[in-house]
Each structure stands twice: as structure tokens, then as C-alpha cells.
Amino acid sequence: MVNYEQFIERTIENLLHPRVPATTGFLRCADLYGGDGRMADAAVKADLEIAYAYDPDASKAGPYLERFGVEPFAGITHDSIMQAPDFHVLLLNLHSDALTVPEQPKRARIRKFDEPVEHAMRFLSQRRPVGFLLIGEDLPEGFVWDVLNVIQAEVLRWGYAFECREESGLAAIAGSLHAIEPFPWPKPLTLDEAVDAIRRAALVPGLRADMV
């Protein structure tokens with residue numbers, strides 16, 4: 001049972017006081033639509049703790065739990081925001097239908113699932129992680145720019161600095177509450193190195209000397 005009073009209090013606190021990781025460099029992440037676990041693999045390699053995972057396909061929960069010790073939540077996206085514990089970095093696996101709203105239930109006025117990008121945006125607006133990475137492989141031409149057009153006005157309003165990059169079959173949008181210009185994109189762009197870059201970008205400024 002979700003305690004809505006506690007959720008509202010936590011949401012207000014997160015809006016007023018975004019989480020900044022401790023100077024130990026210890027970071028936790030949320031892995032949305034992780035699918036086959038490649039994003040989670042990259043997160044583990046980057047020394048991110050997977051605090052939360054979401055995937056609407058409940059059949060993937062068992063294998064994911066066995067590999068990473070976290071059972072992905074498969075319920076409605078409204079509850080997903082409330083289920084997630086505190087985390088610092090949001091990871092979203094982009095795919096070709098990440099801007100497409102899933103089929104809705106037939107009962108009127110009942111919305112069960114947001115599109116993946118909208119789901120991620122609700123996390124950013126309500127939970128204010130320090131950094132985010134939206135990344136996908138072999139996406140349709142121009143798709144990542146469509147995603148950017150959808151999110152840029154709001155993420156700017158919420159205080160995020162962000163950049164977009166396409167290279168080597170990957171397309172990514174990275175954002176951080178710490179203004180970093182330019183963002184330390186790896187060369188060449190790989191999933192593992194991109195996740196590690198957002199981890200370092202999410203650290204407090206005093207710990208980012210190794211990034212430049």
C-alpha cells in the first residue's frame with residue numbers, strides 16, 4: 001500500500017532540495033526499460049548501485065533479479081514514481097517507440113502507462129536526480145532529436161544542463177544539475193563509457209577534476 005501523504009512530503013522535499021551525492025562518490029541509479037540488462041551491466045561496471053528498475057514486461061523480472069539483485073517493477077507508471085527509493089542518476093533505454101503511448105486500458109479515465117520518455121520526465125520533475133542519461137542503439141534517423149525537442153524546455157526549466165550526441169550507432173542525451181561545458185562524452189561513444197561519464201558528471205564539483 002502506497003502512503004500518499006509520505007509521497008507528497010517526499011516530492012515537495014525533492015523539489016526544494018534536490019539530492020546531491022555525498023563526497024564519497026557513492027551513487028545509486030534507476031534503470032528504466034532496461035530490457036536485456038545491457039544498461040544495468042554498464043551501470044555495474046561504472047560502480048553505480050542499481051537502486052530501482054522498471055520494465056512493463058513482467059517476464060523479464062526473474063532474470064534481471066537473478067543477475068542484478070533487483071526485481072524490476074512492472075506496474076503502472078504512476079505507481080512507479082512512488083515505488084522507487086532515493087537515487088542519484090536516471091538511466092533510460094531509448095528504443096524506437098519510446099515516444100509512443102502504450103495501449104491504454106478500456107475503462108474510461110484510467111491511465112495505466114505513460115510512454116517511456118514521459119515516464120522518465122515524470123521522474124525528473126518529481127524526484128530531481130542529479131543526472132540523467134537517455135541512450136539507445138540503432139534508433140531511427142533523427143529520433144533522438146525528436147526526443148530532445150520533447151524534453152528540452154522542461155529540463156532547462158528544472159535546472160539541468162544537457163547535451164545530445166550521435167556516434168557509432170548510439171544516440172544519447174545526457175543531463176546534469178552540475179553545469180558541465182562541454183559534457184565529457186567518451187571517444188568513441190560506447191554504452192559503458194557513456195554511463196560512466198554521467199556517473200562522473202553527477203558527482204559534486206570537487207570530485208570532477210578527472211573529467212577534463
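The paragraphs below lead through the structure from its overall make-up to two helix pairs and then to a few individual residues.

The model is a predicted one, and its protein chain contains seven helices and six strands. Read from the N terminus, these elements follow one another in the order α-β-α-β-α-α-β-α-β-α-β-β-α. The protein chain has 212 residues, of which 49% count as buried. When contacts between residues at least 6 apart in sequence are considered, 62% of them join residues at least 24 apart.

A useful place to begin in detail is helix α5, which covers residues 116–127. Its twelve residues, at 1.5 Å a residue, should span 16 Å, and because the C-alpha atoms at its ends are 16 Å apart, the expected and the modelled spans agree. Ten of these twelve residues are buried, and α5 is therefore largely enclosed by the rest of the structure. The buried set consists of Pro-116, Val-117, His-119, Ala-120, Met-121, Phe-123, Leu-124, Ser-125, Gln-126 and Arg-127. Directly after the helix comes Arg-128, which has a positive phi, near 50°.

Part of the surroundings of α5 is supplied by another helix, α6, made up of residues 143–157. Two packed helices are described by the angle between their axes and by the distance between those axes. For α5 and α6, the axes come within 11 Å and cross at roughly 15°. Since angles under 35 degrees count as roughly parallel, this crossing makes α5 roughly parallel to α6. The crossing of the two helices is right-handed. On the α5 side the contact is made by Val-117, Met-121 and Leu-124, while α6 contributes Val-147, Val-150, Ile-151, Glu-154 and Val-155. Sorted by character, the residues of this contact comprise seven that are nonpolar, none that is polar and one that is charged. Val-117, Met-121 and Leu-124, which take part in this contact, are also listed among the buried residues of α5.

Helix α6 also holds Phe-143, a residue that is buried because its relative accessible area is 8%, below the 20% cut-off for that class. Which residues does Phe-143 touch, once those up to four places away in sequence are not counted? They are His-95, Ser-96, Ala-98 and Leu-99. For one of these partners, His-95, the separation in sequence is 48 residues, whereas the C-alpha atoms of His-95 and Phe-143 are 9.1 Å apart in space.

A second helix pair is formed by α2 and α3, the latter being residues 61–68, and these pack at an angle of about 15° with their axes 11 Å apart. That angle makes α2 roughly parallel to α3, and the crossing of this pair is right-handed. In the contact, Ala-40, Asp-41 and Val-44 of α2 meet Tyr-64, Arg-67 and Phe-68 of α3. The residues involved divide into four nonpolar, no polar and two charged.

Helix α2 includes Arg-38 as well. Is Arg-38 buried or partly exposed? Its relative accessible area is 42%, so Arg-38 counts as partly exposed. With its neighbours within four places in sequence left aside, Arg-38 is in contact with Glu-137 and Leu-191. Arg-38 and Leu-191 lie 153 residues apart along the chain, yet their C-alpha atoms are separated by 8.4 Å.

The remaining points concern the backbone in the loops. In the loop between β1 (27–32) and α2 (38–45), Tyr-33 has a positive phi of about 60° although this residue is not a glycine. Tyr-33 is buried, with a relative accessible area of 8%. Ser-168, found in the loop between β5 (161–167) and β6, likewise is a residue other than glycine with a positive phi, here near 55°. Unlike the buried Tyr-33, Ser-168 counts as exposed because its relative accessibility is 55%. Further along the chain, the peptide bond that joins Lys-187 and Pro-188 is cis, with omega at about -5°. Pro-188 belongs to the loop between β6 (170–176) and α7 (191–202).

Methods
Residues numbered from 1 in each chain as written. Predicted model: local features only at pLDDT ≥ 70, side-chain atom pairs only at ≥ 80, totals over all residues. Heavy atoms only, no water. Helix = DSSP H or I, 4+ residues; strand = E, 2+ residues; numbered from the N terminus. Expected span 1.5 Å × (residues − 1). Buried < 20%, exposed > 50% of the residue type's maximum accessible area, 1.4 Å probe, protein only. Axes fitted to C-alpha atoms, helices over the stretch in contact; angles between N-to-C directions. Parallel < 35°, antiparallel > 145°, perpendicular 65-115°, else oblique. Left-handed = near helix turned anticlockwise from the far one by under 90°. Contact = heavy atoms within 4.5 Å. Nonpolar A, V, L, I, M, F, W, Y, C, P; charged D, E, K, R; others polar.
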